[in-house]
Amino acid sequence: MRNTKNKTGQELSYYGLSLLSYLKENHPERTGDKTFIEERADAAAETYSNAVKNGQTHIEAEKLASEVLYQGLHFSAYNTLVHILWNEFSAEIPEEMAKEIALQILTQCSEVLDKYDLSDDFASTSQYDELYTELTGTVEILLEDGLQ
């Protein structure tokens with residue numbers, strides 16, 4: 001079984017494990033930020049507890065807790081890079097390597113990413129296509145410069 005202990009040696013909570021799992025899939029660059037994970041998990045647990053104390057159903061409380069847990073994490077620059085590698089560079093990058101390479105080049109794409117307000121609903125904005133195009137160009141340059 002994997003070690004799910006935090007920096008103080010305590011087991012991660014349900015919310016901590018849920019967030020860690022989500023981060024591994026969508027924001028792997030943040031999986032090492034134990035403070036962030038613990039603070040978000042604690043805030044989600046507190047939100048859930050307060051909602052139940054205030055008479056909301058467990059389903060309503062869980063929905064509120066999830067909103068707190070995943071706030072600001074719905075859009076993933078990492079996943080966008082993975083899709084760019086799959087869609088635009090499938091001849092150069094094997095599909096099974098796309099996630100690893102996306103994680104490697106994520107920091108090299110920060111100048112492009114910093115131009116945009118990457119909110120939770122960013123993928124549904126008109127700027128998403130601009131970001132996609134800019135990232136595609138950046139990836140092409142990185143590949144030409146010998147990324148492997």
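1. Starting with α2: in this predicted model, the buried residues of the helix are F36, I37, E38, R40, A41, A44 and A51. Note that the list includes E38 and R40 alongside F36 and I37. Their packing partners are α1 (14-26) and α3 (58-70).

2. As for the geometry of α2, the helix runs over residues 34-53, 20 residues in total. From first C-alpha to last it reaches 28 Å, close to the 28 Å expected at 1.5 Å a residue. After α2 comes G55, and its phi is positive, near 95°.

3. Now the largest nonpolar core, which has 26 residues. Which of them touch the most other members? Those are L81, L85, F89, L113, L131, L135 and V139. Four helices each put in at least two residues: α4 (77-88), α5 (98-105), α6 (110-113) and α7 (127-144). The largest share is that of α7, with seven residues. As background, nonpolar side chains in soluble globular proteins tend to be buried together.

4. V139 is a handy residue to click on if you want to look around that core, since it is among the members that touch the most others. Setting aside neighbours within four places in sequence, V139 is in contact with L81, I84, L85, F89 and I105. Of these, L81, L85 and F89 are also on the list of residues touching the most other core members.

5. There is also a second core, separate from the one around V139, with 13 residues. Its members include L12, Y15, F36 and Y70. F36 ties this back to point 1, being one of the buried residues of α2.

6. On α5, which residues are buried? A98, I101, A102 and I105. They span an arc of only 105° around the axis, so they sit on the same side of α5. That fits the usual helix pattern: with 3.6 residues a turn, residues three or four places apart point the same way. The cover over the buried residues of α5 includes α4 and α7. I105 has already come up, as one of the contacts of V139.

7. Last one, a polar residue: N26, in helix α1. Is N26 buried or exposed? Its relative accessible area is 14%, under the 20% cut-off, so N26 counts as buried. The N26 side chain makes a polar contact with the side chain of N79, at 2.7 Å. Beyond neighbours within four places in sequence, N26 is in contact with S76, Y78 and N79.

Terms used:
Residues are numbered from 1 along each chain as its sequence is written. This is a predicted model: local features need pLDDT of at least 70, side-chain atom pairs count only at pLDDT 80 or more; totals for chains, interfaces and linings use all residues. Side-chain values use heavy atoms; hydrogens and water are left out. The expected span of a helix is 1.5 Å times one less than its number of residues. Buried means under 20% relative accessible area, exposed over 50%, partly exposed in between (1.4 Å probe, protein chains only). Contact means heavy atoms within 4.5 Å. A nonpolar core is a set of buried Ala, Val, Leu, Ile, Met, Phe, Trp, Tyr and Cys residues joined through side-chain atoms within 4.5 Å. A polar contact is a pair of N or O atoms within 3.5 Å; within protein, one must be able to donate a hydrogen and the other to accept it, and residues adjacent in sequence count only if both atoms are side-chain atoms. The arc is that of the directions from the helix axis to the C-beta atoms.
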